[in-house]
Amino acid sequence: QVQLVESGGGLVQPGGSLRLSCAASGSRISINTMGWYRQAPGKQRELVAVIISYGLTNYADSVKGRFTISRDYAKNTVYLQMNSLKSEDTAVYYCNAEMNWGPEYWGQGTQVTVSS
């Protein structure tokens with residue numbers, strides 16, 4: 001019923017920036033929380049950042065001060081601005097959206113590679 005599509009991943013040098021986008025589409029879209037998660041090879045998936053109503057946000061300690069999450073409520077789209085990227089940020093980044101009426105949905109993931 002709901003589809004999430006991420007975009008904006010790619011290869012960037014250490015210290016560079018990328019901006020990820022995730023747009024939700026489908027029927028009966030009413031989103032409570034949107035967020036970004038990431039998973040590196042051999043590591044557990046981790047929360048990167050979430051944004052809920054009233055613009056409240058939460059970030060993983062490892063990205064505080066470097067990443068910024070934002071949301072366009074009218075367009076059902078969430079963004080992740082990533083600055084001062086490090087090699088440790090290399091991972092597949094997944095978009096997540098929790099509906100007001102219960103279900104959670106995940107995007108297909110977008111690869112972010114930070115390397116010189």
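Trainee: Why does a radius of gyration of 14 Å agree with a compact globule for the protein?

Mentor: The radius is taken over C-alpha atoms, and the globule rule is 2.2 Å times the number of residues to the power 0.38. With 116 residues, that gives a value near 13 Å, so the 14 Å of the protein agrees. Do keep in mind that this is a predicted model, where local features need pLDDT of at least 70, side-chain atom pairs count only at pLDDT 80 or more, and totals for chains, interfaces and linings use all residues. Residues are numbered from 1 along each chain as its sequence is written, and side-chain values use heavy atoms, leaving out hydrogens and water.

Trainee: How many helices and strands does the protein have?

Mentor: Helices (H or I, at least four residues) and strands (E, at least two) are DSSP runs, numbered from the N terminus. Here there are zero helices and eleven strands.

Trainee: What share of the residues is buried?

Mentor: Buried means under 20% relative accessible area, with a 1.4 Å probe and protein chains only. In this protein, 42% of the 116 residues qualify.

Trainee: Which residues touch the most other members of the largest nonpolar core?

Mentor: Such a core is a set of buried Ala, Val, Leu, Ile, Met, Phe, Trp, Tyr and Cys residues joined through side-chain atoms within 4.5 Å. Among its 31 residues here, they are Trp 36, Leu 80, Met 82 and Tyr 93. Strand E9 gives the most to this core, with five residues.

Trainee: What does Met 82 touch?

Mentor: Contact means heavy atoms within 4.5 Å. Leaving aside residues up to four places away in sequence, Met 82 touches residues including Leu 18, Leu 20, Phe 67, Tyr 93 and Val 112.

Key. Buried < 20%, exposed > 50% of the residue type's maximum accessible area, 1.4 Å probe, protein only.
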